[in-house]
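Visitor: I'd like to go through a few residues here and hear what stands behind each label. Could you start with the terms?

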Amino acid sequence: ERFAALALAAAMIGWGAVKGYTPDILHAHDWQAALAPAYLHYLGQGQHQPKTVLTIHNLAFQGQFPARTFARLGMPEAAYSINGVEYYGSVGYLKAGIQFANAITTVSPTYAAEICSPQGGMGLDGLLRVRGDSVSGVVNGIDMAIWDPASDPDLVRTFDAMHLDNRLANKRAVEKHFNLPESDAPLFCIVSRLTWQKGIDLVIDAIDEIVSTNTRIVVLGNGDKALEAALYAAVGKHPTHVGVHIGYDETISHLMQGGCDAILVPSRFEPCGLTQLYGLRYGCVPIVAKVGGLADTVIDANDAALTAEVATGIQFHDVSKDGLKAAINRAVRLYHQHEVWRSIQQAGMRSDVAWRRSAMQYAKLYRSLLNTSA
């Protein structure tokens, strides 16, 4: 009911409830705001109707509630139908937004395609395919002022692409924080929610083989209690190679990006992801599953990309324990080729991960909606 009220308030503002302000476009994000286009549709007859955009950040969170919820929404009875807000015998907030928004965006082009498939659509792929011409993807950006290795106050020592040796001081600080001995061996990190979606169980299953290559892993995050317990057990078993910080700490997050050699993002699905963008910016080479926004933002270090000096990380298709191990083994081999690894870091730091290009795509979408009479 709170989010229905939020959506109704947005619709009312769209109609002109605020004196002197009549918006051209209402842009809703995720299920929490997704009823707004439905309110505009069902209650807006005779009112000014702004165009609507719905951005889906993660289709897994759909805002599905019991049928009795409908009576509290203040919509006409006709709205409770397959072409309205009804969703498998319940009320679907995100489904309603997909049904009625003029344009639907996700946070990466690959994820936009994935959610239109039965494998990635999570029950909404049929409707998304019907709306296919209105579905597009725009990759997220990051705040380049906050995430700047040349001026980041959370780093022990700042650096840029031409002074990557300065990263060593941050690596030593990460080792100290996680009670690991100093070493020149590769130090990989995870900064993540600890959930099945993020593939943390794959890391846990592969941890013995990973540390056997003299690779260290440090983890910052929280989530599933069983995964937290398994990570603590890994620390007990491999105290010189595994470190865990349960919770979130912004300073430590920045320090890990600025000091670790690579960041693992083995997600089973990933709409966009931000940690790999931070990794690119900080020379912390992303090792990512080839899904969603991870596929769109990281250039795999294959032979052609390495020769052209455009490789920015490592991708793997097989999102499994074996696929992850193979990717990490490939990363370790590249890490020990100093000049090649430095080239990958520098290419990543040259990547355009700012909001400007994405903002231009949103502006283009807005203009296209305002130039459409339908």
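Guide: Sure: contact means heavy atoms within 4.5 Å. This is a predicted model, where local features need pLDDT of at least 70, side-chain atom pairs count only at pLDDT 80 or more, and totals for chains, interfaces and linings use all residues. Residues are numbered from 1 along each chain as its sequence is written, and side-chain values use heavy atoms, with hydrogens and water left out.

Visitor: Which residues does Arg 281 touch, not counting residues up to four places away in sequence?

Guide: Arg 281 touches Ile 142, Met 144, Trp 147, Asp 148, Pro 149, Gly 348, Met 349 and Val 353.

Visitor: And why is Arg 281 called buried?

Guide: Buried means under 20% relative accessible area, exposed over 50%, partly exposed in between (1.4 Å probe, protein chains only). Arg 281 has 16%, so it counts as buried.

Visitor: What makes the Arg 281 side chain and the backbone oxygen of Met 144 a polar contact?

Guide: The cut-off is a pair of N or O atoms within 3.5 Å; within protein, one must be able to donate a hydrogen and the other to accept it, and residues adjacent in sequence count only if both atoms are side-chain atoms. Here the side chain of Arg 281 reaches that oxygen at 3.0 Å.

Visitor: Why does Gln 315 count as buried?

Guide: Its relative accessibility is 10%, so Gln 315 falls on the buried side. A polar atom of its side chain lies 3.4 Å from the backbone oxygen of Ala 295.

Visitor: How about Phe 70, buried or exposed?

Guide: Buried, because the relative accessible area of Phe 70 is 12%.
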